Amino acid sequence: MIGYIMSSTEDNRLCSIEREVFGMKMDETSLSEQQKYEELHTTSRGYQIANHGVGHLDAVCQMLQPVGSVVELGSGNGKMACAMAVRGLPVVATDIAKTAGVFTNEFTVPFDKVVHSAWETWPKVMQADWCVSFDFLEHLPPEKVDEVFKRIKENIKRGCFHNICTVMDVRGNKDPANALHLTVRPASWWVNKCTEYFKHVR
């Protein structure tokens with residue numbers, strides 16, 4: 001398995017998406033995070049129009065060869081999942097928030113499924129050849145990072161592509177108690193963490 005790390009400092013239309021919600025036996029930390037992001041996806045225009053990952057679309061498509069099934073972690077508003085679907089990748093988008101994945105942009109071939117699942121669970125539908133995430137891992141509570149990497153290693157066959165922000169978010173800079181980026185670490189820390197689980201990291 002190969003792990004790739006990249007460090008990063010309109011109008012929308014409502015689309016119909018098949019939803020699959022799995023029984024979430026969440027601890028208090030996960031439940032609190034779920035509630036936080038469900039509110040953000042409902043009330044924050046920034047979250048509804050964000051384009052996390054789309055700028056890396058070409059690099060992702062070049063890496064995910066041979067083409068196989070893809071699971072996106074922390075899919076948010078679904079724009080990147082839509083973009084990958086347009087390129088012919090069979091995508092399952094996943095997010096802890098049940099309010100995620102209802103907005104898309106100019107892409108006309110949306111992905112057809114969004115899975116709502118907690119970090120503690122990894123349902124069979126999330127098993128795939130490839131795993132991608134864009135500005136997701138830094139949102140994890142520190143105590144959940146290893147758990148998520150273990151799940152990735154157990155359920156992803158070929159490799160993964162992670163784009164990780166290594167600085168605090170704007171909200172956290174103003175009010176640390178309400179930060180969105182909970183695991184803020186330098187790129188070297190993330191590289192070392194990936195090498196604990198993946199044989200090759202670039």
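Four exercises with worked solutions follow.

The model is predicted: local features need pLDDT of at least 70, side-chain atom pairs count only at pLDDT 80 or more, and totals for chains, interfaces and linings use all residues. Residues are numbered from 1 along each chain as its sequence is written, and side-chain values use heavy atoms, without hydrogens and water.

**Exercise 1. Find the buried residues of helix α5 and state what covers them.**

Step 1. Helix α5 spans residues 145-155. Helices (H or I, at least four residues) and strands (E, at least two) are DSSP runs, numbered from the N terminus.

Step 2. Apply the burial cut-offs: buried is under 20% relative accessible area, exposed over 50%, partly exposed in between (1.4 Å probe, protein chains only). Val-145, Val-148, Phe-149, Ile-152 and Asn-155 are the buried residues of α5.

Step 3. They lie on the same side of α5, because they cover an arc of only 145° around the axis. The arc is taken from the directions from the helix axis to the C-beta atoms.

Step 4. The cover includes β4 (70-73), β8 (128-134), β9 (156-164) and α7 (187-195). Contact means heavy atoms within 4.5 Å.

**Exercise 2. Determine which residues of α7 are buried, and how they are arranged.**

Step 1. Trp-190, Lys-193 and Cys-194 are buried in α7.

Step 2. Their arc is 100° seen down the axis of α7, so they line one face of the helix.

Step 3. Lys-193 has a relative accessible area of 9%. Lys-193 also forms a salt bridge with Glu-196, with the closest N and O atoms 3.5 Å apart. A salt bridge needs a side-chain nitrogen of Lys or Arg within 4 Å of a carboxyl oxygen of Asp or Glu.

**Exercise 3. Compare the settings of the salt bridges Glu-33 to Lys-36 and Arg-87 to Asp-58.**

Step 1. Glu-33 and Lys-36 meet at 3.1 Å, N to O. Both are buried. They are three residues apart in helix α1, so about one helical turn separates them.

Step 2. Arg-87 and Asp-58 have their closest N and O atoms 2.6 Å apart. Arg-87 lies in the loop between α4 and β5, and Asp-58 in helix α3 (residues 57-63), so the pair ties together parts 29 residues apart in sequence.

Step 3. Arg-87 is partly exposed at 43%. Asp-58 is partly exposed at 45%.

**Exercise 4. Place His-41 and list its contacts.**

Step 1. His-41 sits in helix α1 (residues 28-43).

Step 2. His-41 counts as buried, at 6% relative accessibility.

Step 3. Leaving out residues up to four places away in sequence, His-41 touches Tyr-47, Gln-48, Gly-76, Asn-77, Asp-95, Ala-97, Thr-99 and Ala-100.
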